Amino acid sequence: AGGLRNVGYDGHIILGVHAKIPQNEQEYLKRMDVTFYSVDMIDCDPSIMDKGAGDGGGNIRGKCSKGLEDLKLEWGRFEMARQWLR
């Protein structure tokens, strides 16, 4: 975020961050005028663990965002962004 601000970017920066982001990192993001959302990670729904990559499965990490347990993180990030932009 600092890199973008340092080169003059003054647009919106929106990030999903770990639920336990350290306080000093939160303060840094605030100083950089970054909007950030805490993302709780939980185990994915078993139904997506059994699918192959071509079926929308193939979950690499086995972790999903809380509330989006049926979307592997690689897809869930798009839904999170959609929700944050409302």
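K63 is a partly exposed residue, with a relative accessible area of 36%. In this predicted model, the side chain of K63 meets that of D43 in a salt bridge, with 2.7 Å from N to O. D43 is exposed, and its relative accessible area is 52%. Where do these two residues sit along the chain? K63 is in strand β4 (residues 63-65) and D43 is in strand β3 (residues 41-43), so their salt bridge ties together parts that are 20 residues apart in sequence.

How many salt bridges does the structure hold? There are two. The other pairing to look at is R82 with E79, where the closest N and O atoms are 2.7 Å apart. This one stays within one element: R82 and E79 are three residues apart in helix α4 (residues 73-84), so about one helical turn separates them. R82 counts as partly exposed at 42% relative accessibility. And E79, is it buried or exposed? E79 is buried, with a relative accessible area of 19%; the cut-off for buried is under 20%.

**The disulfide**

Stay around β3 and β4 for a moment. A search of the whole structure turns up one disulfide, and it is formed by C44 and C64, whose sulfur atoms are 2.0 Å apart. In general, a disulfide is a covalent bond between the sulfur atoms of two cysteines. The link of C44 and C64 is right-handed, with 100 degrees about the S-S bond. C44 belongs to the loop between β3 and α3 (46-49), while C64 belongs to strand β4, so the disulfide links distant parts of the chain, 20 residues apart. Both cysteines are tucked away: C44 is buried at a relative accessible area of 9%, and C64 is buried at 0%.

**Rings that pair up**

Next come the aromatic side chains, which form two pairs in this structure. As a rule, you describe a pair of aromatic rings by the distance of the centres and the angle of the planes. Here is how the two look side by side:

| Aromatic pair | Centre to centre | Angle between planes | Kind |
|---|---|---|---|
| Y37 and W84 | 4.9 Å | 10 degrees | stacked |
| W75 and F78 | 6.3 Å | 55 degrees | tilted |

Why does the stacked pair tie together parts that are 47 residues apart in sequence? The reason is that Y37 lies in strand β2 (residues 35-39) and W84 in helix α4. Y37 is partly exposed, with a relative accessible area of 30%. The tilted pair is a local affair, since W75 and F78 are three residues apart in helix α4 and about one helical turn separates them.

**The overall layout**

Now zoom out. The protein has four helices and four strands, and from the N terminus on they run α-β-α-β-β-α-β-α. Strand β1 (residues 14-18) and β2 run parallel, and five bridges join them. If you want one spot to find by eye, look for H18, which stands opposite V39 in β2. Together, β1, helix α2 (residues 23-31) and β2 make a right-handed β-α-β unit.

In the loop between α2 and β2 you'll find D33. What is unusual about its backbone? D33 has a positive phi of about 60 degrees although it is not a glycine. D33 also counts as exposed, at 59% relative accessibility.

**What's on the inside**

Of the 86 residues of the protein, 29% count as buried. In soluble globular proteins, nonpolar side chains tend to be buried together. Which residues make up the largest nonpolar core here? That core has six residues in all: I13, V17, I21, L29, M32 and V34. Apart from it lies another core, of five residues, among them V39, L73, M80 and W84.

Two of those names should ring a bell. V39 is the residue that H18 stands opposite, and W84 is the stacking partner of Y37. Both V39 and W84 belong to that five-residue core.

Notes: Residues are numbered from 1 along each chain as its sequence is written. This is a predicted model: local features need pLDDT of at least 70, side-chain atom pairs count only at pLDDT 80 or more; totals for chains, interfaces and linings use all residues. Side-chain values use heavy atoms; hydrogens and water are left out. A nonpolar core is a set of buried Ala, Val, Leu, Ile, Met, Phe, Trp, Tyr and Cys residues joined through side-chain atoms within 4.5 Å. Buried means under 20% relative accessible area, exposed over 50%, partly exposed in between (1.4 Å probe, protein chains only). A salt bridge is a side-chain nitrogen of Lys or Arg within 4 Å of a carboxyl oxygen of Asp or Glu. Rings of Phe, Tyr and Trp (its six-membered ring) pair if their centres lie within 6.5 Å; planes under 30 degrees apart count as stacked, over 60 as edge-to-face and the rest as tilted. A disulfide is a pair of cysteine sulfur atoms within 2.5 Å. Two strands pair if DSSP finds at least two bridges between them. A crossover is right-handed if, with the strands pointing away from the viewer, the path from the first strand over the helix to the second runs clockwise.
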